[in-house]
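Let's take a walk through some side-chain contacts together. Have the model open and be ready to select residues as we go.

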Amino acid sequence: MPEGIDHQVSHERRLGVFAELDGRHGARPDRVALLELAAAYHERRTTLLGLDDLGGQLTKVYAIEAPGRTVTLDTWEHALHLATDQLCQDLDMGSIGLGCVILHAGGDGDYVLVHSWVEGYMSRLAILTGPARTPTSLRPAAVGLAPCVWEAAVLAHERDAYVRHVLAGHGPLDQRLRAWSSDAFAVSPSDN
């Protein structure tokens, strides 16, 4: 253990660290930015559009919609084509045939996330981005871009559903896959 760390620190002392965040610890969360994000945060409508065979994989297709935006399969056909191409590549690279695609009509652009489960309990994730309302302009995202809070909620649900129904589930595999495929994440905000 590092020198200077007392493992018997009292509860009061641990709470004191948070009071000193601007001080000696060097951690300085951007309070203004955090409060601005919190003030602007809202739920986004999230729905399962369906279950499909994309690129040889059983795939849940989700839509996330920022206020004033909608996702229809007609307007996002090119995005689904790109997602299918990615899922084909994933299959060639060890995917076990289950995944999800997120079509996100965001406030600042369009996003497509392609997620598939691969051997060894691992997963692959590809993110495509483009200007808002032009799904035909989607391109691979810059290295390092990760899911936003709304996309991460879907991925967290999908991880839990995969473990609960497929890996830790009981019964024949077809029964487990049916349970997985019917377990969908949804958010229906009243103001969206």
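A residue is called buried here if its relative accessible area is under 20%, exposed if over 50%, and partly exposed in between. Keep in mind that this is a predicted model. With a relative accessible area of 17%, W150 is therefore buried.

W150 is a good place to start, since the charged end of R44 sits over its ring, 3.7 Å from the centre. You will find R44 in the loop between α2 (31-40) and β1 (45-54). What is the nearest side chain of opposite charge to R44? That is D108, but at 6.0 Å away, and R44 has no salt bridge although it is buried. Its side chain does have polar partners: H42 makes a contact of 3.1 Å with R44, and H104 makes one of 2.8 Å.

Now for the aromatic rings, where the count comes to 2 pairs. W150 takes part in one of them with Y41: the ring centres are 5.7 Å apart and the planes lie at 5 degrees, so this pair is stacked. Because Y41 belongs to the loop between α2 and β1 while W150 belongs to helix α4 (residues 149-167), the pair ties together parts 109 residues apart in sequence. Y41 has 48% relative accessibility, so it counts as partly exposed. The other pair, W117 with Y162, is also stacked, at 4.3 Å centre to centre and with 10 degrees between the planes. Here strand β4 (residues 110-118), which holds W117, is linked to helix α4, which holds Y162, across 45 residues. W117 is buried at 8%, and Y162 is buried at 4%.

Helix α4 comes up again among the charged pairs. Side chains of opposite charge can pair when their charged atoms come close. The structure holds 6 salt bridges, including one between K60 and E158 with an N to O distance of 3.0 Å. This pair links strand β2, home of K60, with helix α4, home of E158, 98 residues apart. K60 is buried at 0% relative accessibility, and E158 is buried at 2%. The charged end of K60 also sits over the ring of W180, 4.6 Å from its centre.

For another salt bridge, look at R124 and D90, whose closest N and O atoms are 2.9 Å apart. R124 is in strand β5 (residues 122-130) and D90 in helix α3 (residues 77-92), so the pair ties together parts 34 residues apart in sequence. Is each partner buried or partly exposed? R124 is partly exposed at 27%, whereas D90 is buried at 1%.

Definitions and conventions: Residues are numbered from 1 along each chain as its sequence is written. This is a predicted model: local features need pLDDT of at least 70, side-chain atom pairs count only at pLDDT 80 or more; totals for chains, interfaces and linings use all residues. Side-chain values use heavy atoms; hydrogens and water are left out. Helices (H or I, at least four residues) and strands (E, at least two) are DSSP runs, numbered from the N terminus. Buried means under 20% relative accessible area, exposed over 50%, partly exposed in between (1.4 Å probe, protein chains only). Lys and Arg count as positive and Asp and Glu as negative; His and the chain ends are not counted. A salt bridge is a side-chain nitrogen of Lys or Arg within 4 Å of a carboxyl oxygen of Asp or Glu. A polar contact is a pair of N or O atoms within 3.5 Å; within protein, one must be able to donate a hydrogen and the other to accept it, and residues adjacent in sequence count only if both atoms are side-chain atoms. Rings of Phe, Tyr and Trp (its six-membered ring) pair if their centres lie within 6.5 Å; planes under 30 degrees apart count as stacked, over 60 as edge-to-face and the rest as tilted. A charge sits over a ring if NZ of Lys or CZ of Arg is within 6 Å of the ring centre and within 35 degrees of the ring normal.
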